[in-house]
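Work through the exercises below with the coordinates open. Each task is followed by a solution in steps.

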Amino acid sequence: MGDHTINKVYPVADAKSGVTPAQASSSLGHHLRPPLEPPQPPQTKNMHAHTQTTGDQKINKIHSMADGNTKSAIAPPLNHHLRPPLPPTPPPTHTKKEKRSSCCKCICWTLCILITLLVIFAAIIGILYLVFKPKIPNYSVDRLTISQLTLNLDLSLYARFNVQISATNPNKKIGIFYQKGSHLSVWYKNTNLCQGSLPVFYQGHQNKTVLNVALSGQNQYGRTLLAALQEQQQTGQIPLDLKVDVPVKIQLGKLKLMKVRILGKCMLVVDNLSANNKISIKATTCKFRLKL
């Protein structure tokens with residue numbers, strides 16, 4: 001068979017061993033048998049293949065023309081190992097809409113926090129107002145005297161006034177600390193005559209304090225100013241303005257609050273401005289307010 005040569009040897013029967021020639025031949029042929037050829041794939045006749053694709057797998061259906069039976073075989077995907085690698089995922093980019101929304105959120109949160117703080121502050125102020133019921137102090141000018149009103153050699157006018165002021169604290173639970181830096185001034189028709197300051201002191205609850213304040217000043221337009229004052233004195237009514245600017249600290253019980261300012265103006269009408277004479281105050285009107 002093929003390139004192999006088979007030599008058949010027929011041994012003589014051994015009487016001692018009891019092996020027949022046929023048995024020996026069979027045994028020898030078993031060892032000298034040529035190698036078997038690999039089986040050939042069966043030939044399919046009268047068959048045709050039909051391919052059906054499902055997802056990534058291909059199903060081959062083999063139809064037999066003889067008996068009408070259909071055989072199906074699932075073939076592995078051909079391009080499973082041939083797919084190109086996926087590109088790297090790009091970094092996330094923030095669009096304009098996302099930036100606008102984040103900015104709007106920040107603005108909204110900031111406004112909410114500010115509104116909340118304002119509401120809390122207003123609530124605290126309202127509670128304090130209801131508990132302590134604060135009132136602005138009352139001030140009045142009781143007396144005004146002029147110790148000096150003379151014309152100097154340089155034609156400047158020197159004035160020295162003494163003003164007696166009554167300060168009344170009407171609050172039951174609030175004390176007032178009068179601080180440094182107060183300023184009082186006397187004016188005649190937008191012209192400053194003299195100025196001074198209040199002393200530093202503490203005014204307790206429902207207290208009335210009488211203050212004697214010395215005011216002095218010098219004006220360079222002495223001759224013109226003195227002539228206008230003398231002319232006005234002939235009418236018996238000289239209008240004067242007393243302006244007040246006083247820094248104070250409010251004490252609620254044992255708690256000292258921040259510094260505020262008391263601003264006020266008293267409009268006076270006096271009969272004369274003669275030095276060392278008794279001056280009568282005919283009318284007075286005072287208005288005061290707090291400035292934070």
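**Exercise 1.** In this predicted model, classify Lys-135 as buried or exposed, then place it in the chain and on the surface.

*Solution.*
Step 1. The relative accessible area of Lys-135 is 54%. The cut-off for exposed is over 50%, so Lys-135 is exposed.
Step 2. In the chain, Lys-135 lies in the loop that joins helix H2 (96–132) to strand S4 (138–151).
Step 3. On the surface, Lys-135 belongs to a positive patch together with Lys-133, Lys-172 and Lys-173.

**Exercise 2.** Find how many disulfides the whole structure holds, and describe the geometry of the link of Cys-266 and Cys-286.

*Solution.*
Step 1. Searching the whole structure gives one disulfide.
Step 2. The sulfur atoms of Cys-266 and Cys-286 are 2.0 Å apart. A disulfide requires sulfur atoms within 2.5 Å, so Cys-266 and Cys-286 form one.
Step 3. The angle about the S-S bond is 115°, and the link is right-handed.
Step 4. The pair connects distant parts of the chain, with Cys-266 in strand S12 (residues 255–270) and Cys-286 in strand S13 (residues 281–291), 20 residues apart.
Step 5. Cys-266 has 2% relative accessibility and counts as buried, whereas Cys-286, at 26%, counts as partly exposed.

**Exercise 3.** Decide which cysteine sulfur is nearest to that of Cys-108, and assign accessibility classes to Cys-108 and Cys-194.

*Solution.*
Step 1. The nearest cysteine sulfur to Cys-108 is that of Cys-104, 6.4 Å away. Because a disulfide needs sulfur atoms within 2.5 Å, Cys-108 is in no disulfide.
Step 2. With a relative accessible area of 46%, Cys-108 is partly exposed.
Step 3. Cys-194 has 0% relative accessibility and counts as buried.

**Exercise 4.** For Ala-228 and Lys-189, give the element or loop, the accessibility class and one C-alpha separation each.

*Solution.*
Step 1. Ala-228 sits in helix H3 (residues 222–233). Its relative accessible area is 30%, which makes Ala-228 partly exposed.
Step 2. Along the chain, Ala-228 and Tyr-188 are 40 residues apart, and their C-alpha atoms are separated by 9.8 Å.
Step 3. Lys-189 is found in the loop between strand S7 (183–188) and strand S8 (191–196). At 54% relative accessibility, Lys-189 counts as exposed.
Step 4. Between Lys-189 and Ile-238 there are 10.0 Å from C-alpha to C-alpha, for a sequence separation of 49 residues.

Notes
Residues are numbered from 1 along each chain as its sequence is written. This is a predicted model: local features need pLDDT of at least 70, side-chain atom pairs count only at pLDDT 80 or more; totals for chains, interfaces and linings use all residues. Side-chain values use heavy atoms; hydrogens and water are left out. Patches are made of residues with over 30% relative accessible area and no salt bridge: like charges are joined within 9 Å, nonpolar side chains (Val, Leu, Ile, Met, Phe, Trp, Tyr) within 5 Å. Accessible areas come from the Shrake-Rupley method with a 1.4 Å probe; for residues, only the protein chains shown count as cover. A salt bridge is a side-chain nitrogen of Lys or Arg within 4 Å of a carboxyl oxygen of Asp or Glu. Lys and Arg count as positive and Asp and Glu as negative; His and the chain ends are not counted. The place of a charge is taken as NZ of Lys, CZ of Arg, CG of Asp or CD of Glu. Helices (H or I, at least four residues) and strands (E, at least two) are DSSP runs, numbered from the N terminus. Buried means under 20% relative accessible area, exposed over 50%, partly exposed in between (1.4 Å probe, protein chains only).
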